[in-house]
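Good morning, colleagues. I would ask you to keep the sequence and the coordinates in view while I speak.

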Amino acid sequence: MTGSETDTNGTHDQAHAHRAADLEAFNARVDDVVHSHSVVVDNRYTKWFAKGEATRDEVRHLATQFSVFSHLFVEAQLRKVINAADVDTYRVGKEILMNELGVIFRPTREVAPAEGTDPELVSTEGTVDGSRYRHPAAHFEWLLRFAAPLGLEFEDLGKRRHGTASTLFFCDELLRIYGSEDPSTAEGASYAVEHWAAAGFWKELIAGLSAFKERECRELNLAFWTWHDKVEDQHAAHTAEELAEAFVTQGFDEERFLAGAAEMLDGVKAFWDGLEADRLAGRTSL
């Protein structure tokens with residue numbers, strides 16, 4: 001090996017070491033902003049809900065507010081697709097959007113369906129490419145089936161007019177930050193949303209809903225909740241890889257990423273804090 005080759009290899013090794021050190025420092029900053037955020041580590045509403053003490057009116061209120069968020073999320077996801085920075089991000093965004101609307105994930109391997117779901121309608125992984133659309137597979141229609149035994153119908157759910165101020169603030173922040181034109185801001189919001197969704201709130205809601213079902217509403221269908229919980233368990237395994245990929249993307253800005261993540265989690269917190277305030281005040285309708 002010549003001296004010039006040794007110098008070149010040494011330079012490459014140094015550059016790689018610097019990038020690894022920079023990524024490690026960035027990961028520590030992300031931990032401070034995202035992993036330690038109060039809505040991730042101490043969601044008072046979902047901790048209470050997991051105890052299984054919610055009344056029928058309180059479960060109805062959760063269903064109504066969650067339906068507004070879930071339905072208006074489609075609007076934010078479309079904005080994210082429109083503002084995608086490259087074709088790969090564009091396609092990933094479309095996978096989520098089309099699955100929300102009812103295009104079934106076509107599994108690339110055999111996967112057991114989530115409890116309570118129709119295996120003909122759902123898969124928790126795969127691609128919408130080459131798959132098919134089914135009306136009942138739309139996530140909002142799953143919520144309709146969940147809410148029916150609670151006495152809630154289509155006209156009671158999913159519209160802005162049904163949302164409290166805190167729910168609508170969250171939805172508008174999703175549109176503004178998650179759907180941002182700035183790629184670093186949007187990436188920060190996406191990472192924050194994924195980490196929040198994988199941090200266990202689905203399991204807490206399922207625990208409370210299962211107790212309520214056992215106690216007084218045996219016909220309650222929990223497929224919407226169990227499917228999302230299973231999906232987020234899978235997503236959690238990939239968040240570190242996605243963060244590393246974002247970090248080395250050309251034009252990536254750490255500060256805008258972190259600001260997007262923090263503001264998005266503040267929006268998430270407003271949603272749950274609103275439900276907690278309603279619970280404490282005994283409010284179960286607008």
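Asparagine 43 sits in the loop that connects helix 2 (38–41) to helix 3 (44–49). Please bear in mind throughout that this is a predicted model. Is asparagine 43 buried or exposed? Its relative accessible area is 7%, and since buried means under 20%, asparagine 43 counts as buried. A polar atom of the asparagine 43 side chain lies 3.2 Å from the backbone nitrogen of threonine 46. Leaving aside residues up to four places away in sequence, asparagine 43 touches Ser38 and Trp272.

I turn now to charged pairs. Side chains of opposite charge can pair when their charged atoms come close. How many salt bridges does the model contain? The count comes to 16, and I shall discuss several of them.

Let me begin with arginine 176, which forms a salt bridge with glutamate 173; the closest N and O atoms are 2.9 Å apart. Both arginine 176 and glutamate 173 belong to helix 7 (residues 165–178), where they are three residues apart, about one turn of the helix. Arginine 176 is partly exposed, at 45% relative accessibility, whereas glutamate 173 is buried, at 12%.

The next pair is lysine 203 and aspartate 229, whose side chains meet in a salt bridge with an N to O distance of 2.9 Å. Which parts of the chain does this pair tie together? Lysine 203 lies in helix 9 (residues 201–216) and aspartate 229 in helix 10 (residues 223–236), so the salt bridge links parts that are 26 residues apart in sequence. As for accessibility, lysine 203 has a relative value of 42% and is therefore partly exposed. Aspartate 229, at 13%, is buried.

A further salt bridge joins the side chains of aspartate 273 and lysine 269, at 2.6 Å from N to O. Both residues are in helix 12 (residues 254–281), four residues apart, about one turn of the helix. Aspartate 273 is partly exposed, at 27% relative accessibility, and lysine 269 is likewise partly exposed, at 27%.

Finally, which residues are joined into one network by salt bridges that share partners? They are Arg29, Glu254 and Glu255.

To recapitulate, asparagine 43 is a buried residue located in a loop. Among the salt bridges, the pair of arginine 176 and glutamate 173 lies within helix 7, while lysine 203 and aspartate 229 connect helix 9 and helix 10. Thank you for your attention.

Notes: Residues numbered from 1 in each chain as written. Predicted model: local features only at pLDDT ≥ 70, side-chain atom pairs only at ≥ 80, totals over all residues. Heavy atoms only, no water. Helix = DSSP H or I, 4+ residues; strand = E, 2+ residues; numbered from the N terminus. Buried < 20%, exposed > 50% of the residue type's maximum accessible area, 1.4 Å probe, protein only. Polar contact = N/O pair within 3.5 Å; in protein donor to acceptor, adjacent residues only side chain to side chain. Contact = heavy atoms within 4.5 Å. Salt bridge = Lys/Arg side-chain N within 4 Å of Asp/Glu carboxyl O.
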